[in-house]
Every structure is written in C-alpha cells, then in structure tokens.
Amino acid sequence: MPNTRRDFLRTAGGIVVAGAAVNGGLAASAQAAAPESGAGTRTEHQLPPLPYAYDALAPVISAEIMTLHHGKHHAGYVKGLNAAEAALAEARAAGDYAMVQHWARQAAFNGGGHYLHSMFWKVMAPPNNGGGGEPAGALADRIAEDFGSFANFKAHFSAAAKGVEGSGWGLLHYRPEDGRLLILQAENQQKLSPWGSTPILGIDVWEHAYYLDYKNDRGAYVDAWWSVVNWAQVAASFEALRK
Ligand code: MN3
C-alpha cells in the first residue's frame, strides 16, 4: 500500500486530498481507484493504521475508546468520503448533477473527518514515551512569539477545545502567509475552518472521543490529553510547512 508522500502523489494521479501535499507526515493514506469512463480519476482513501497499540495511550485514552474511534468512527469517515467521491464521479459520467450539493457536503464532512483523524493519531504518543512535555526548537520559539508563552498557548488552546459548541475539534494551524500559528475551533469536522492555513495539532472533542472514559467531563479529558501530545510530530509538521 503506498504510504509515502511521493507514492501518494504519483498513484493519486494528481488528485490530492486537501492539505495532503503540504502537510508532511500527516497525509492521509490513499491509493488510486480505477478510472471511470468519462468521470476522470479519483482516489480510493484508506484507513491508516494506528502508529501504536490500541492500549498505548491508557490511562489518558482507554483501549476501548481507541478501538471504537479508529476502527468504527474513522473507518466510517473513510467509507463516507469514498462514497461521496464515487457518487460525484458517477454524476460527472452521467452528466446528472441533481445530487451535487448533497455529495459535496458529504465529501467535506467525511473528508474533514478522515483528514483530522489521520492527523489526530499521529500527534499523540504514549505518556512518558514520546507523549507530553513541551515543544522545543523553532516550534517553541514560534509559540512563545505568537502566544506570549507556552502557558498562554496551553490555556488558550484548552479553552478553545473545551468551548467547542457541540461536536468538533480544538486546532492549532500554521498560516504560511505570515508564518504565524493560529488557535481555532472546528465544528463537526469542517465548519469554522479558514482557507490558507493547515492544522498541525488537534484534539477531537466529539463525545465519542472521551465519553466512555470521562463521561460528560470534557474539561478533564482536555486537561489529561496534554500528557499524550507528540510534540516531535507537531514540530516535524511545522518544519515541513515552513519550507
Ligand atoms: Mn472522532
């Protein structure tokens, strides 16, 4: 299965998942699907494997949550994205765009889910074994410059994550236009996302991400989550985007 950036770009026939071409190391895995007559080519998206065992993030996130979250929820977004893109290809082949709004919405929702979950697994690591602590190097400098201090960043990001209305994400984006980091929220998987910046860190705050472990206490989940953040991965994404 192709999983390097170069293979991805080649086998996808120039069709690139949003952000995948520039978000080094975080690209969702995919392979080319057979071209459909008259419809152009499309990508057959794949569920990427977890970079650690299902129980590796315990006790911060239990194996039960990880198993369901990766194997059911993320897999569902991959399936939904493939279905939406296949339906759009069929619409092109048939010249029938009666359902284009529906499938475009499905592609955005499920594509957002696939992209963000592919990032989410990578920006976490087992506590005290790659997870936790603070960033170093250029990323640490950028955080201090843009937010005043790491403590300020952490407080702002935590508040954004805890404050998402309904289901969504707390996100840290890199904006190449001015080289700054931005703390943002996403509702569901795609709403409130500005153009031109790329997420390099995110926490899923849908109830499926924490309810089995923390019940309704999203705040406790967000506070505990810092001890599984893989700052080396976040720094690698930051460095790839800066270049
Ligand atoms: Mn989720």
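Two strands are taken to pair if DSSP finds at least two bridges between them, and strands (E, at least two residues) and helices (H or I, at least four) are DSSP runs numbered from the N terminus. The views below come from a predicted model, in which local features need pLDDT of at least 70 and side-chain atom pairs count only at pLDDT 80 or more, while totals for chains, interfaces and linings use all residues. Residues are numbered from 1 along each chain as its sequence is written, and side-chain values use heavy atoms, with hydrogens and water left out.

**View 1. The hairpin of β3 and β4**. Strand β3 (residues 168-175) pairs with strand β4 (residues 180-187) in the antiparallel sense, over eight bridges. Within this pairing, Gln185 of β4 is the residue that Gly170 stands opposite. Four residues lie between the two strands of the hairpin, where Gly179 takes a positive phi near 70°.

**View 2. Coordination of the manganese ion**. The ion is coordinated at 1.9 to 2.2 Å by the NE2 atoms of His69, His117 and His208 and by OD of Asp204; donors are N, O and S atoms within 2.8 Å of the metal (3.2 Å for Na, K and Ca), and because water is not among the atoms, sites may look incomplete. His69 belongs to helix α2 (residues 63-94) and Asp204 to strand β5 (residues 198-204), so this pair ties together parts that lie 135 residues apart in sequence. The spacing of the donor residues along the sequence is H-x47-H-x86-D-x3-H. His69, at 1% relative accessibility, counts as buried, and Asp204 is likewise buried, with a relative accessible area of 0% (buried means under 20%, exposed over 50% and partly exposed in between, with a 1.4 Å probe and protein chains only).

**View 3. Packing of helix α4 with helix α8**. Helix α4 (residues 137-147) packs with helix α8 (residues 231-242) at an angle of about 85°, their axes being 8 Å apart; axes are lines fitted to C-alpha atoms, for helices over the stretch in contact, and angles run from 0 to 180 degrees between N-to-C directions. The two helices are therefore roughly perpendicular to each other, a term that covers 65 to 115 degrees. Ala138, Leu139, Arg142 and Ile143 of α4 make the contact with residues of α8 that include Trp231, Phe238 and Arg242, where contact means heavy atoms within 4.5 Å.

**View 4. The surroundings of Ser167**. Ser167 lies in the loop between α5 (150-162) and β3, and is partly exposed, with a relative accessible area of 24%. Leaving aside residues up to four places away in sequence, Ser167 touches Ala186, Glu187, Asn188 and Trp206.

Technical notes: Angles under 35 degrees count as roughly parallel, over 145 as roughly antiparallel, 65 to 115 as roughly perpendicular and the rest as oblique.
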